Amino acid sequence: MKNRQWLLARRPHGAIKDSDFDFVETDAPTPREGEVLVRNLMLSCDPTQRGWIAFDTYLPAVKIGEVVRSIGAGRIVASNNPDFQVGDIVSGLVGWQDYVAMNPKGHLNKMPAGVPLELAMSALGLTGITAYFGLTEVGRPVAGETVVVSGAAGATGSVVGQIAKIKGCRVIGIAGGADKCHWLTDEAGFDASIDYKSEDVQARLKDLCPKGIDIFFDNVGGDILDAALARLAMRGRVVLCGGIANYNATEPSPGPKNYLNLVVQRGRMEGFIVLDFMPRAAEAIGALSGWVQARRLKNKVDVQHGLENAPATLWRLFEGRNEGKQLLRVAE
Ligand SMILES: NC(=O)c1ccc[n+]([C@@H]2O[C@H](COP(=O)([O-])OP(=O)(O)OC[C@H]3O[C@@H](n4cnc5c(N)ncnc54)[C@H](OP(=O)(O)O)[C@@H]3O)[C@@H](O)[C@H]2O)c1
């Protein structure tokens, strides 16, 4: 069996390019004692991968020559581990490759039976868990409050906004383009949307949030974060989930200009990493599954195909071409 792999050739400068990676073919690995061999089926494309290949973050940077790190799911095709059987579908950090051999203990989780892979890797996976705990534990919404979400039509943002609606909040989403904005209000139940590509975000926030923003859930950073800080309500909370606007920056990004409004409004700005909440994942997945089943939570996935398209598919996130959770199907 052959194993195609994407290796990191050099650290990206600005936009990622195919030449930052080498696409190689070797023999599939043989699992050792205690290990399993996984045939990767679906890879998760995540903005944080841009950081993983560039520098140390909450995980050490991928080394030059290593397989590019990626969350994914696959089928066990050989097992030397009594707790994992051939045919089990598992997920973990499987990498941009066809096959991976590893000891599953603490590294691979069995996927829930009867849940489509696309759903288990989006609203009922890390994306949903991020949205759930980021909003409920860091943002702490109270019914009647005004919640603004950036990156609102994306995987995380769309779930955040819908949970905020379920919690009784008024929700405004900021996204790029008319189609995404219409989807937010017409399909996902947001109260209003702002197209940051064609509208003045600060002016629109002033119109839409006359009493200020109680929670700003930020996936983007940059000018959008600044515009939201300027409208913070008394005791407002800014949830720092990510800052994709600056992930490809070649120079350190300037800090937010309007941060002193946190002082005036007695506000709180707090970051989080979903990994810290994993011991409580079942709580989030329980709530999210209930809302999906009750059709209160719409889940949008964007599935591309072919391991050979991994860098290009990751890049879709940075051009806003993904419609919902970006996945890459690499085998059936
Ligand atoms: N803290 C955590 O534990 C954690 C976990 C998961 C994800 N995250 C973060 O959450 C954010 C969203 O991740 P996701 O996986 O859900 O991706 P996503 O939102 O599905 O996709 C990324 C979206 O970002 C928007 N975008 C790209 N470049 C932009 C720019 N320069 N300015 C404004 N918007 C831009 C695009 O939407 P438009 O078309 O609307 O521009 C794109 O669709 C990222 O910042 C990610 O790092 C954090």
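**Exercise 1. The second largest pocket**

Task: Determine which strand gives the most to the lining of the second largest pocket in this predicted model.

Solution.
1. Two strands, β1 (2–8) and β6 (99–102), each supply at least two residues of the lining.
2. Of these, β6 gives the most, with 4 residues.
3. The pocket holds about 330 Å³ of space, and 19 residues line it; those closest to its centre are Glu-66, Val-67, Arg-69, Leu-93 and Gln-97.
4. By residue type, the lining divides into 12 nonpolar, 4 polar and 3 charged residues.

**Exercise 2. The surroundings of strand β11**

Task: Decide whether strand β11 (residues 213–218) is largely enclosed or open, and state why.

Solution.
1. A residue counts as buried when its relative accessible area is under 20%.
2. In β11, 6 of the 6 residues are buried, so the strand is largely enclosed by the rest of the structure.
3. One neighbour is strand β8 (residues 146–150), which pairs with β11 in the parallel sense over 3 bridges. Here Val-149 has Phe-217 of β11 as its bridge partner.
4. Strand β12 (residues 232–240) also runs parallel to β11, and 5 bridges join the two. Ile-213 has Leu-232 of β12 as its bridge partner.
5. Together with helix α7 (residues 222–229), β11 and β12 make a right-handed β-α-β unit.

**Exercise 3. Salt bridges between distant parts of the chain**

Task: The whole structure contains 18 salt bridges. For the pair Arg-237 and Glu-145, establish which parts of the chain are tied together, and whether the two residues are buried or exposed.

Solution.
1. Side chains of opposite charge can pair when their charged atoms come close.
2. The side chains of Arg-237 and Glu-145 meet in a salt bridge of 2.7 Å, N to O.
3. Arg-237 lies in strand β12 and Glu-145 in the loop between α3 and β8, so the pair ties together parts that are 92 residues apart in sequence.
4. Both Arg-237 and Glu-145 are buried.

Task: Describe the salt bridge between Arg-4 and Glu-308 in the same manner.

Solution.
1. The N to O distance between these side chains is 3.4 Å.
2. Arg-4 is in strand β1, whereas Glu-308 is in the loop between β14 (301–305) and α10 (310–318), 304 residues apart.
3. Arg-4 is partly exposed, with a relative accessible area of 23%; Glu-308 is partly exposed as well, at 41%.
4. Salt bridges that share partners join Arg-4, Arg-39, Asp-98 and Glu-308 into one network.

Key. Residues numbered from 1 in each chain as written. Predicted model: local features only at pLDDT ≥ 70, side-chain atom pairs only at ≥ 80, totals over all residues. Heavy atoms only, no water. 1 Å grid on protein atoms, 1.4 Å probe; cavity = no way out; pocket = protein on both sides within 12 Å on 5 of 7 lines; lining within 4 Å. Points joined across faces, edges and corners; volume = space filled by probe spheres on them. Nonpolar A, V, L, I, M, F, W, Y, C, P; charged D, E, K, R; others polar. Buried < 20%, exposed > 50% of the residue type's maximum accessible area, 1.4 Å probe, protein only. Pairing = 2+ DSSP bridges. Right-handed = clockwise from strand over helix to strand, strands pointing away. Salt bridge = Lys/Arg side-chain N within 4 Å of Asp/Glu carboxyl O.
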